[in-house]
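Hi,

Here is the structure I said I'd pass on to you. Have a look at it first, and then read my notes below.

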Amino acid sequence: MRYFEDLTPSTGAREPRAWLRSSRPRLSLNGRWQFRLWPTAPDGEPRPDGWGELEVPGHWVLQGHDRPRYTNTAFPFPIDPPYAPDANPTGDHFRWFDLPDNWPADGAVLRFEGVDSCFKVWVNGVEAGTAKGSRLPSEFTVGHLLRPGRNSLAVRVHQWSSGSYLEDQDMWWLPGIFRDVTLLARPLIDDVFVHASYDHLTGAGTLRVETVVEGAPDAVVRVPELGVVAEPGVPVTVPVVEPWSAELPRLYDATVEVPGETVELRIGFRTVAMVDGVFTANGRPLFFRGVNRHEHDERRGRAMTVEAMRQDLVLMKQHNVNAVRTAHYPPHPAFLDLCDELGLWVIDECDIETHGFIYTDWRGNPADDPAWAPMMLDRMRRMVERDKNHPSVVIWSLANESHRGRNFGELAAWTRDRDPGRAVFYERDRTYEFSDFYSLMYPPLEDLEAIGTRTEDVPEETAGDPSLEARRRALPFVLAEYAHAMGNGPGGLADYQRILERYPRLQGGFLWEWIDHGLLLPGATDHVYGGDFGEQLHGANFCIDGLLFPDRTPSPGLTEYKKVIEPVRITGPDPLVVHNHRTFTGVDDLEFLWSVAEDGVEVDAGRLDVPDVPPGESIELGLVLPASSGVERVLTVRAVLAKDEAWATAGHEVAWAQFVLEEPAVVAVPAGPVVESGDVLRLGGGEFDRSTGRLTRLFGQEVDGPVLDLWRAPTDNDNGQGGRNGVTQEWRAAGLDRLLHRVDTVDVVDDELVVRTRVAPEGLGVGVRTTYRWSADEDVLRLTVDVEPEGEWGGTAVTPRCGSWPRVGVRMTLPQAMEKVRWYGGGPGEAYADSREAARVGLYTRTVDDLQTPYVVPQENGARVDVRWAELTDAEGNGVRVTGAPHFQLTARRWTTEDLEAARHRSDLTPRDHIYLNLDLAQTGLGSASCGPAATAPHILEVAPYTFTLHFRPVPSPDPRTKAD
Ligand code: GAL
């Protein structure tokens with residue numbers, strides 16, 4: 001059997017050990033390598049002739065050779081373990097390097113941080129070894145193969161191997177040497193295992209550092225700041241230390257020294273433990289406000305730069321995220337250093353996922369085949385050994401979505417034995433016998449609630465085993481994945497958070513997922529996803545499901561998450577209360593600022609005196625507000641950083657709240673006459689077509705009148721997963737995407753123009769009676785729309801039920817020059833019924849182009865909620881102001897809903913010569929049905945009668961403040 005197909009994890013590789021910063025010489029072998037791609041695995045040794053070049057670390061499929069491939073669960077080769085297909089793209093990599101003159105003569109180690117998926121190494125033409133395990137390090141002893149001066153290094157990388165059966169994560173298949181390659185002078189200190197615990201009762205820290213030193217000469221452990229000078233293996237107790245936590249990531253610099261080598265460490269004292277079914281750190285229950293993070297860079301794939309890693313973590317910290325699950329493999333080791341430094345709790349997950357075996361009904365699943373145990377255990381060992389010194393890592397995860405299997409028992413047992421100081425996690429074995437946590441993915445709210453109260457249904461898998469079931473039910477719960485951020489969404493975050501925070505058993509969750517995996521290929525402008533290469537088997541855009549767009553710009557979903565998981569809450573206004581939801585720290589790093597705005601304009605502001613509030617406690621504040629003024633007044637209270645932190649500068653906002661103190665007075669609009677002249681009806685500033693009743697001119701500008709609109713360009717979450725859960729099918733079956741409008745009567749009744757219509761889909765008997773009532777004075781036009789569903793929306797024996805509408809409102813067009821938008825209402829970003837916590841009332845100015853949210857796959861986006869009024873004007877400042885009664889939702893685009901729906905990539909959207917405006921009473925929420933539950937009540941817009949009113953007035957207006965809005 002060929003080495004890339006056998007079940008040997010590696011040949012010639014050294015024992016796994018910690019990732020260490022050593023004083024011994026090192027030589028980076030990153031850079032330009034020579035490269036040649038073979039369609040199938042060649043024989044013999046790589047020889048550099050007629051080759052191209054490749055950047056290492058990197059994936060050849062992102063550098064013009066072959067192409068990337070995305071599947072969600074499917075293996076892109078026959079399921080025939082452990083064999084690889086003949087079509088096994090194989091990249092030969094070759095480079096020369098010069099050994100520095102002062103390179104020690106006592107040996108060397110060649111270290112690969114990550115090679116996908118299997119490789120063989122030659123040094124100066126002599127084979128040094130082979131390895132599998134893409135996201136794990138491998139080291140080879142190569143000193144005896146080196147010569148002074150010029151040396152050659154050749155690496156043959158096979159895309160497919162037996163290891164690929166363990167690497168079926170939902171992500172791009174990206175072969176190559178994608179992490180650093182380094183030549184290390186032979187380490188004298190081979191390994192270090194730091195045990196730094198914290199006793200929360202006494203405040204003492206205990207440090208014990210185990211070392212593996214060749215020839216075992218005496219090593220010395222030093223922590224200068226604590227005055228510690230210790231022997232390896234001997235515990236030293238320091239009476240007072242500052243503990244490490246994600247909130248206060250206190251690290252102490254330390255060294256381990258032997259003659260000839262110093263290893264630098266950064267030590268965090270912390271103790272994690274299970275106490276009465278609750279996972280604690282330093283004596284307090286932990287609560288994860290987490291994200292699942294894949295490594296992704298739009299151009300570099302998983303070949304991450306340290307800058308991008310830091311950027312991820314800074315963005316997480318800035319958005320109140322306190323935990324990361326390294327879905328679904330160990331990240332680049334530098335990432336964990338940054339987690340230690342910036343402060344995040346980490347679930348470090350092993351590079352194991354055998355998901356594609358769902359297509360054999362789990363027949364042959366490696367997780368349950370003892371023949372695969374060595375390969376799996378090798379991966380666990382390489383992760384634990386590499387990452388064991390990071391205080392940020394508190395949980396080891398055995399794998400993702402690999403079903404049940406006895407091999408997990410072996411992995412868990414080894415891990416607990418090797419590192420009793422951390423917990424073990426595995427979600428997919430429903431007995432949870434090897435896990436310290438109960439966990440699920442994407443449960444509906446009611447299931448989560450039941451778990452919180454320990455009243456969940458007994459899983460089938462433990463039903464026959466009372467003691468296993470009792471063990472499972474006693475476990476704390478962590479939501480491994482929820483809230484699928486695919487396209488526009490997720491919705492419902494606030495609902496999840498309320499339940500997660502209510503029950504001590506629920507220790508938080510990890511949102512799916514951090515970043516969209518859209519790739520930008522050389523020379524392209526659109527991000528690609530599955531199917532963009534004409535491949536038959538692919539996962540389409542299921543990997544475009546992140547809180548960051550592929551270029552790392554935060555999406556509205558991240559802004560919403562930040563608001564929902566605020567670690568400090570402000571409620572009020574009377575009384576105004578600050579609640580500290582942190583676990584370890586007070587609030588004296590924050591400054592509390594208040595401001596009062598009238599119609600969006602700040603009229604008063606100040607600073608609140610907030611004494612420190614201990615974690616878990618609240619404090620009431622007295623705030624005397626300015627006297628009433630008859631217009632809408634909004635109090636905003638903000639908690640901002642008082643001083644710079646490593647991840648944000650002073651003034652960065654951590655939490656905020658708004659309170660509407662006074663509603664504006666509503667003044668009736670006086671009625672003016674309707675004037676008929678030929679085919680035209682004139683009313684205030686509007687001109688209407690006599691026969692259709694449609695508004696054709698508004699304050700002298702050509703428009704196409706507001707008509708009822710119930711449709712939106714379905715979001716990924718509307719569509720659901722493979723047609724399951726989603727609402728789009730129901731909406732289409734009810735014909736909402738093909739509504740026709742019939743005008744029944746156009747009447748002038750007193751001073752009102754009344755247009756009665758019926759809006760209904762082709763081919764069905766259901767419909768909506770829609771009446772538009774127009775009235776005016778000289779510069780205000782008022783429209784009231786009555787919407788009355790009729791027919792069998794509830795379904796019949798032959799027609800399906802339609803329980804909701806995407807939206808209720810009107811659509812109209814304006815001249816394309818009216819592209820400047822100013823509004824007073826919710827903003828600055830988009831918001832939807834179940835994703836609107838982050839929308840704050842203010843006065844905002846944007847262009848129509850700015851209002852678009854750049855989802856990789858175009859879909860409904862950009863709605864602004866709670867809009868009191870909005871102005872759309874041209875460059876000269878002429879245009880129209882729309883006012884709600886009291887509020888409406890605003891959407892403006894340069895293309896139609898139908899264009900948006902048809903587009904598959906952003907470049908498919910071309911501006912038309914109008915602006916398309918949607919003025920809505922409401923829209924249905926977003927939900928998370930692309931993987932999880934759809935929007936739930938009360939965020940669903942039911943099929944029901946509705947009435948809403950809008951006012952239109954010209955801009956500039958004689959004096960808008962004196963007019964009723
Ligand atoms: C989960 C899985 C993830 C991802 C997600 C949907 O089941 O663990 O890897 O596929 O669903 O995007």
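Leucine 440 has leucine 479 of strand S33 as its bridge partner. This is a predicted model, by the way, so please read everything here in that light. The pairing belongs to strand S32 (residues 438–441), which runs parallel to S33 (residues 477–484) and is joined to that strand by 4 bridges.

Is S32 buried or exposed on its two faces? Both faces are covered: Tyr438 and Leu440 point to one side, Ser439 and Met441 to the other, and all of these residues are buried. That fits a general pattern, as side chains in a regular strand alternate between the two faces of the sheet.

Next, a pair of helices. H1 (residues 306–318) and H2 (residues 333–342) have axes that come within 10 Å and cross at roughly 35 degrees. The crossing of H1 past H2 is right-handed. On the H1 side, the contact is made by Val306, Met309, Arg310, Leu313, Val314 and Lys317. H2 brings in Ala334, Phe335, Leu338, Cys339, Glu341 and Leu342. Sorted by class, this contact has 9 nonpolar and 3 charged residues, with no polar ones.

Finally, the overall layout. The domain assignment lists domain 1 (10–184), domain 2 (191–273), domain 3 (286–563) and domain 4 (566–662). For domain 1 and domain 3, the C-alpha centres are 27 Å apart. Their contact involves 49 residues from domain 1 and 54 residues from domain 3.

Cheers

Terms used
Residues numbered from 1 in each chain as written. Predicted model: local features only at pLDDT ≥ 70, side-chain atom pairs only at ≥ 80, totals over all residues. Heavy atoms only, no water. Axes fitted to C-alpha atoms, helices over the stretch in contact; angles between N-to-C directions. Left-handed = near helix turned anticlockwise from the far one by under 90°. Contact = heavy atoms within 4.5 Å. Nonpolar A, V, L, I, M, F, W, Y, C, P; charged D, E, K, R; others polar. Buried < 20%, exposed > 50% of the residue type's maximum accessible area, 1.4 Å probe, protein only. Pairing = 2+ DSSP bridges. Domains from an automatic or database assignment.
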